[in-house]
Amino acid sequence: MEPKPFYATTPFAVGGYMLCSATLLIANKYAVYKVAAPSFILFSQLMGTAIVVKAFAAMGKIDCDALEMTKAKKFLPVALIFLSTIFANMKSLQYANVETFMVFRFSTPLVVSIADYMFLGRKLPNARSWMCLFALLVGAFGYAQTDSSFQVKGYTFCAIWYVIFCMDQIYLKHVINTVKMDSTWGRVFYSNFLASVPLVFTFINDADEIQALKDMSTSAFMAVFLSVALGVGMSYFAWMARSLLSAASFTVVGNICKILTIAINVSLWDKHASSVGIACLMFCLLAAYFYQQAPMRADSKDSDDHGDIEKKNLLPK
């Protein structure tokens, strides 16, 4: 059996996802800061991704599934959950600082690991992984005591995002296992295109967003453009990594990359945590690094395993 080319391996998918995830969070925060129109920014990111994918497919550079009603119906729930997760993310960043958002993010693997066991046929995490997951909670609690800009509204949006995000991690993995697509780019196109359509009706009826768009400067336009470009890469690597990792492991990978996000955030914004708070976040990331993916159960029917990632450290050598 010939080895897979590097661009089809787990390290490539995980590395690309980590890079895009770390930078996209900051890019979105900056875009919302420059243009107070989160709905339009999200629409641009999703529709822009769909257009780019189709354009490259038309040029023969990539393979992408054609738009079919049967697949569209199966992907509609994916698009709605995907849209809800990203929109709640954007609203959280509009009202809360990035570190506040991180606290909620770091604790999600605990919930997703249990959901992995209940719905996707995984075993429960081993003792080492349980310790890592609870260490995430300890670090998050420690950080919560140092949040430099507590805002009840911000925490409310973060809580809404939390529930939707955990649902997203499990359901999207289930769809990968059960809905046959010709390529990862097909999943990128369907999820982004279907999710972008409802957003048209959100920002065109928002007088504040329309005014913000009328007042948009060149630098603001470039901020939105950068957000769209990173969104294309993020969407592709996210779907690819989801197909290669368990739902819980994918969630933990998303947390590992946040050390880069924090470093960028501290250098750009005046609303960031104290040194003690940053230490707590780094402790969370260390715990996430030592998390070990749980293997599949023997009675699993909805398998999300590909045979080469059983019970090993999260980041392959």
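Here are some notes on the fold, surface, cysteines and aromatic residues of this predicted model.

1. Overall make-up. The protein is helical throughout its list of elements: 13 helices and zero strands. Reading from the N terminus, you go α-α-α-α-α-α-α-α-α-α-α-α-α.

2. Burial and contacts. Of the 317 residues in the protein, 56% are buried. For contacts with a separation of 6 or more, 87% are between residues 24 or more positions apart.

3. Surface. The accessible surface adds up to about 14200 Å², and carbon and sulfur atoms hold 68% of that. One spot to look at is a nonpolar patch of about 480 Å², put together from I114, Y117, M118, F119 and L124. Of these patch residues, F119 sits in helix α4, which covers residues 98–119.

4. Cysteines. The disulfide count is zero. Two cysteines are worth a click anyway. C64 has a relative accessibility of 18%, and because the cut-off for buried is under 20%, C64 counts as buried. C280, with a relative accessible area of 16%, is buried too.

5. Aromatic pairs, across the chain. There are 13 aromatic pairs in total. Take F75 and W239: their ring centres are 6.0 Å apart and the planes meet at 50 degrees, so this pair is tilted. The two partners come from distant parts of the chain, with F75 in helix α3 (residues 69–95), W239 in helix α10 (residues 218–244), and their positions 164 residues apart. Both F75 and W239 are buried.

6. Aromatic pairs, within a helix. W130 and F134 make another tilted pair, because their planes are at 35 degrees, with ring centres 6.1 Å apart. Here both residues belong to helix α5 (residues 127–144), and the spacing of four residues is about one turn of the helix. W130 has a relative accessible area of 24%, so it is partly exposed. F134 is partly exposed as well, at 45%. Neither value falls in the buried class, because that class needs a relative accessible area under 20%.

7. Aromatic cluster. Back to F75 and W239: along with F189, Y190 and F193 they form one aromatic cluster. If you are looking for a place to start in the viewer, try this group, where the helix α3 residue F75 and the helix α10 residue W239 are both buried.

Technical notes: Residues numbered from 1 in each chain as written. Predicted model: local features only at pLDDT ≥ 70, side-chain atom pairs only at ≥ 80, totals over all residues. Heavy atoms only, no water. Helix = DSSP H or I, 4+ residues; strand = E, 2+ residues; numbered from the N terminus. Buried < 20%, exposed > 50% of the residue type's maximum accessible area, 1.4 Å probe, protein only. Contact = heavy atoms within 4.5 Å. Areas by Shrake-Rupley, 256 points an atom, 1.4 Å probe, with all protein chains shown as cover. Disulfide = S-S within 2.5 Å. Patch = residues over 30% accessible without salt bridge, like charges linked within 9 Å, V, L, I, M, F, W, Y side chains within 5 Å. Salt bridge = Lys/Arg side-chain N within 4 Å of Asp/Glu carboxyl O. Phe/Tyr/Trp six-rings, centres within 6.5 Å; stacked < 30°, edge-to-face > 60°.
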